[in-house]
Amino acid sequence: MLPADLEISCDPNRIDVALVHAFLRASYWAEGRSRETVERSIGNSLCFGAYTAGRQIAFARVITDRAVFAYLADVFVIPEFRRRGVSKALMRAILSHPDLQTLRTFSLGTRDAHGLYAQFGFEAIREPDRLMARYGRSDDASA
């Protein structure tokens, strides 16, 4: 059940950087990411934190120009609060943010949460042959 006092905020001063770093460095997509990289990524993104009883329980960040493009990254809910609707509440807050209403493309990458994102209109890339990527260093999972 969704915590009754759930609050979602974009205030960067409320982000528990230690929590975010600890979760990300152990995740499959950001394994080993340094604290410095996490801090820089938070500082250069539109971040969302979910809180209950003053404690951060979820996080997501949007890399965006706040006009036409955005990429959703580093989304997580801490294990003890999963399956309670927190991720859906977080997604609703992200998609209703005023700065994200004119986007032409809002993309993300996932290995295991396709069902969640499909509920919010995300779908497989229509023309994957048009996309390219340049991969960075392998010694710091900062991508």
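Biologist: What percentage of the protein's contacts with a separation of 6 or more comes from residues 24 or more positions apart?
Modeller: This is a predicted model, in which local features need pLDDT of at least 70 and side-chain atom pairs count only at pLDDT 80 or more, while totals for chains, interfaces and linings use all residues. Residues are numbered from 1 along each chain as its sequence is written, and side-chain values use heavy atoms, with hydrogens and water left out. Contact means heavy atoms within 4.5 Å. Among contacts with a separation of 6 or more, the part from residues 24 or more positions apart is 61%.

Biologist: Which pattern of helices and strands does the protein follow along the sequence?
Modeller: Helices (H or I, at least four residues) and strands (E, at least two) are DSSP runs, numbered from the N terminus. The protein has 4 helices and 5 strands. Read along the sequence, the pattern is β-α-α-β-β-β-α-β-α.

Biologist: What is the radius of gyration of the protein?
Modeller: The radius is taken over C-alpha atoms, and the globule rule is 2.2 Å times the number of residues to the power 0.38. For 143 residues this rule gives 15 Å, and the protein's value is close to that, so the protein is as compact as a globular protein of that length. Its C-alpha trace spans about 45 × 35 × 25 Å along the principal axes. The radius of gyration is 15 Å.

Biologist: In what order do the strands of the sheet stand?
Modeller: Two strands pair if DSSP finds at least two bridges between them. The sheet is open, has 5 strands and shows mixed pairing. β1 (7–9) and β5 (105–108) each have a single partner strand, so one side of each has no neighbour in the sheet. The order is β1-β2-β3-β4-β5.

Biologist: Which residue in β2 is the bridge partner of Glu 7?
Modeller: β1 and β2 pair in the antiparallel sense, over 3 bridges. The partner of Glu 7 in β2 is Tyr 51.

Biologist: At about what angle does α3 run to β3?
Modeller: Axes are lines fitted to C-alpha atoms, for helices over the stretch in contact, and angles run from 0 to 180 degrees between N-to-C directions. α3 lies across β1, β2, β3, β4 and β5. Its angle to β3 is about 40 degrees.

Biologist: How many residues are in the largest nonpolar core?
Modeller: Such a core is a set of buried Ala, Val, Leu, Ile, Met, Phe, Trp, Tyr and Cys residues joined through side-chain atoms within 4.5 Å. Val 20, Val 62, Leu 72, Ile 94 and Phe 106 have the most contacts inside the largest one. Elements that supply at least two residues each include α1 (17–26), β3 (55–64) and α3 (86–96). The size of this core is 34 residues.

Biologist: Is Asp 74 buried or exposed?
Modeller: Buried means under 20% relative accessible area, exposed over 50%, partly exposed in between (1.4 Å probe, protein chains only). Asp 74 lies in strand β4 and has a positive phi of about 55 degrees although it is not a glycine. With a relative accessible area of 6%, Asp 74 is buried.

Biologist: What is the relative accessibility of Arg 83?
Modeller: Arg 83 also has a positive phi, near 65 degrees, without being a glycine. Arg 83 sits in the loop between β4 and α3. Arg 83 counts as exposed, at a relative accessibility of 87%.

Biologist: Which residue's backbone nitrogen does the side chain of Gln 56 reach at 2.7 Å?
Modeller: A polar contact is a pair of N or O atoms within 3.5 Å; within protein, one must be able to donate a hydrogen and the other to accept it, and residues adjacent in sequence count only if both atoms are side-chain atoms. Gln 56 lies in strand β3 and is buried, with a relative accessible area of 5%. Its side chain reaches the backbone oxygen of Ala 58 at 3.1 Å. The backbone nitrogen reached at 2.7 Å belongs to Asp 16.

Biologist: How far from a polar side-chain atom of His 21 does the backbone oxygen of Arg 33 lie?
Modeller: His 21 is in helix α1 and is buried at 12% relative accessible area. Beyond residues up to four places away in sequence, His 21 touches Arg 33, Ser 34, Arg 35 and Val 38. The distance from the backbone oxygen of Arg 33 is 3.1 Å.
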